[in-house]
Amino acid sequence: MKDKVLIANRGEIALRIMRACRDLGLDYVVVYTEADEQSEHVQRNIDSESNQRRAWRVASYTDPNDILAVADHTKCTAIHPGYGFFSEDYRFARRVTVRDQPLTFIGPKWEVIKDLGDKINTKRVANQLGIPTIPGTDGPIYNEIDAEEISRRLLEDQAERGISQPSVLVKAAAGGGGMGIEEVHEIEQFRRVYRQVQNYAKRQFGDPGVLIEQCLRDYNHLEVQLLCSRHGERVHFGTRNCTIQSTGRQKRLEAAPGFDTSCFPYEFDAPAVLDEIVENSLKLASHVRYDNVGTWEWIVSRSGQPYLLEVNTRIQVENDVSARISYLNGQHPNLIREQIRLALGDKLGYSQSDIEFRGTSIELRIVAEDPQRGFAPWIGTISQFSFPRHEWSAVYTHVPTDRPYAIPSDYDPNLALALVWGDSMAEAKQRARRFLDEMVIEGHNSSGAPINTNLQYLADNMDRLLTF
Amino acid sequence: MQEHDIDFDAILGRYRADPFAYRKVRTAHTGRLRCKVREGDEVVGPSGKFRHIPGTLLYELERERNLKRITSFINGQVAMVRSDLEGSFVEAGEHVLTIRHPLKKREIVEDILRQVLTPYTAPERAKYFFSLDLQSSIDKYGQRSVSIKPGDEILTMSLMKRDTPVYYDGEPGIIHSVYFKPGVSVDQGEPLFGICPKDRLPLIEKIITRVKAEWE
């Protein structure tokens, strides 16, 4: 029987998964919530006259019973969680795969998600393998007094080492994607911030545990893209740089490769550091028998010291930045397609030596937000949305271009991902600026105020890419 | 709003003409639907000191090892049932039946108060929580004993995974009625709670007394 995939996600990733399924000749079903009824991933699949109905409304993207009920009713054999929602939830992955009618979870095995999805455990395993991690706690803290004492020690230690602005990060232990992270500079601020993060963690993730880490300054945030099969094969698709983030630590501009010596006079041997983080990522992947697509996140200090931050056991928003500089048999790989294929048990069919890296790429995350007001999300209706089409660009979006679209306030106001590439980083940056100039986004909110977007912010920060 | 602005006879007349609320019951989740009531059936809402005794079973949704039993949240009579959906796989949010609910004195008072109290409306469609300090005051003293004034941090607005503090900018008063549940999305412009300025408390008391006296 041919596999059929339930896409348990929304927005542009749902559209990209649909396309990957079509490429592989697989049928699919999408789920959606009431708030997303006008989204492209729903509108393209609602056809009341067809018996082959592909879009089903559920109470929430995070209701496992609803998702499994639709999967069973529509005779799906696999579930693709996309990113966010269930993508790193090992309990969901286990439930999908261990049941009377098991389905394939398109991601790593649940045991692997459990091992690496937990930031604390990842840190412990990395330390065992001699992989450097950021100084701080290696377990969730639930006690305010203990947490304050740990923070006091970390702040004093930084002051003793002559660090000019010592600070610590208070993070929701169960969090991810940059959410639930606050910085503390003075120990007097600690208890207020601790309570704030703890409350947030309890509400959003159901676990009030927090992590305390030294806050590194003047660093670059790098990622290594890995792809592993269930047959023990492992390859990487290079590195990317995700340093430019909004105040909420949400990535906004990404580039591949992770460093480019034409952009900045690094104080260290940049190619050697990139090799080191790739090697250490593969080492950890091999140790835990990683078996699908995954991203190893790193912090690299100005002096070139890398620290492993965490592992994202899922496909990431920015996967295509890496794919655009990678060539497999002369073609850019489609990592979502590869992810599905490998999850369904296929072999990789190639090795690292078959992958060639050429050129540079940039991803622009186009968001309805106000960078001047702390990146406050904008809610309203988009009346015009159009983007240029070039042979050196690609756009992924769930926003319709032929009708008005009300941004649902239940989710992030992400509008589109734009990929731009070139032979050199200078060329890619120049093209990215031109692309932004040619984009048209118009809209108003309920009080008539015009839409806020981050287009200007992206253009203004282009030169910061790959620098310290 | 002053006492002379309120036409008690007209308001009460409206409720006398049609003393019912018509509540649509929608499917809370997906699943195969089995209705357990018919048109004309009387249904009851949850009861008991802690509302721990569930109301009349309205419908079931069959799913894998997880039968969902939906019970009535109010008293009344089943006014309409979508019999065409019986036995079929339904999506979340499907209108299944309507309950005709006879309004009680307390509900009529609340309805009228909604028109009289100063509403504090949701600035955006979001989930709302009282601020930590305000919540602890409400827990300690009860909502009708808690005063707020402009500049007070009153709410946390949870929107698009961000928590934003909301500061009060209306006239000072006490929080008389709360209309939202923590963690449940509220549409933009919907009232979150009703504020009663201290000088208007006698008017509110009078409305309550009058409805109680005149409504049988």
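**Figure 1. Long-range contacts and overall dimensions of chain B in the predicted model.** Among the contacts in chain B with a separation of 6 or more, 72% are between residues 24 or more positions apart. The secondary structure of this chain comprises four helices and 16 strands, and its C-alpha trace spans about 55 × 45 × 30 Å along the principal axes. Of the 216 residues of chain B, 41% count as buried, while the chain exposes about 11700 Å², with carbon and sulfur atoms supplying 49% of that area. Chain B carries 34 positive and 32 negative charges, and the mean positions of these two sets are 5 Å apart.

**Figure 2. Overall organisation of chain A.** Chain A contains 13 helices and 23 strands. Its radius of gyration is 22 Å, close to the 23 Å that the globule rule gives for 468 residues, so chain A is as compact as a globular protein of that length. The C-alpha atoms occupy a box of roughly 70 × 50 × 50 Å along the principal axes, and buried residues make up 58% of the 468 residues. For contacts in chain A with a separation of 6 or more, 70% come from residues 24 or more positions apart. The accessible surface amounts to about 18900 Å², of which 44% belongs to carbon and sulfur atoms, and the mean positions of the 54 positive and 66 negative charges are 3 Å apart.

**Figure 3. Close-up of the nonpolar cores, with B:Phe193.** The largest nonpolar core has 151 residues, of which A:Trp296, A:Leu364 and B:Phe193 touch the most other members. Apart from this core lies another, of 20 residues, including B:Leu103, B:Val116, B:Leu117 and B:Ile208. When residues up to four places away in sequence are not counted, the residues that B:Phe193 touches include B:Tyr120, B:Phe130, B:Ile148, B:Ile154, B:Leu155 and B:Ile175, together with B:Val178, B:Tyr179 and B:Phe180.

**Figure 4. Close-up of B:His176 in strand β14 of chain B.** Strand β14 covers residues 173–178 and holds B:His176, which counts as buried because its relative accessibility is 2%, below the 20% limit. Leaving aside neighbours within four places in sequence, B:His176 is in contact with B:Leu113, B:Leu117, B:Gln143, B:Arg144, B:Gly194, B:Cys196, B:Leu201 and B:Ile204.

**Figure 5. Close-up of A:Lys123 in helix α6 of chain A.** Helix α6, residues 119–128, contains A:Lys123, a lysine that counts as buried at 9% relative accessibility. Not counting residues up to four places away in sequence, A:Lys123 touches A:Thr133, A:Ile134, A:Pro135, A:Gly136, A:Thr137 and A:Glu213. A:Arg191 is 68 residues from A:Lys123 in sequence, and the two are 25 Å apart in space, C-alpha to C-alpha.

**Figure 6. Close-up of backbone geometry in three loops.** Most residues other than glycine have a negative phi, and most peptide bonds are trans. The peptide bond from A:Ala256 to A:Pro257 is cis, with omega near 0°, and A:Pro257 lies in the loop between β11 (251–256) and α9 (270–287) of chain A. A:Arg289, which is not a glycine, has a positive phi of about 55°; A:Arg289 is placed in the loop between α9 and β12 (293–301) of chain A and counts as exposed at 65% relative accessibility. In chain B, B:Arg51 likewise has a positive phi, near 50°, and is found in the loop between β3 (42–43) and β4 (57–62), where B:Arg51 is exposed with a relative accessible area of 53%.

Technical notes
Residues are numbered from 1 along each chain as its sequence is written. Chains are lettered from A and ligands numbered from 1 in the order in which they are written. This is a predicted model: local features need pLDDT of at least 70, side-chain atom pairs count only at pLDDT 80 or more; totals for chains, interfaces and linings use all residues. Side-chain values use heavy atoms; hydrogens and water are left out. Helices (H or I, at least four residues) and strands (E, at least two) are DSSP runs, numbered from the N terminus. The radius of gyration is taken over C-alpha atoms; the globule rule is 2.2 Å times the number of residues to the power 0.38. Buried means under 20% relative accessible area, exposed over 50%, partly exposed in between (1.4 Å probe, protein chains only). Contact means heavy atoms within 4.5 Å. Accessible areas come from the Shrake-Rupley method with a 1.4 Å probe; for residues, only the protein chains shown count as cover. Lys and Arg count as positive and Asp and Glu as negative; His and the chain ends are not counted. The place of a charge is taken as NZ of Lys, CZ of Arg, CG of Asp or CD of Glu. A nonpolar core is a set of buried Ala, Val, Leu, Ile, Met, Phe, Trp, Tyr and Cys residues joined through side-chain atoms within 4.5 Å.
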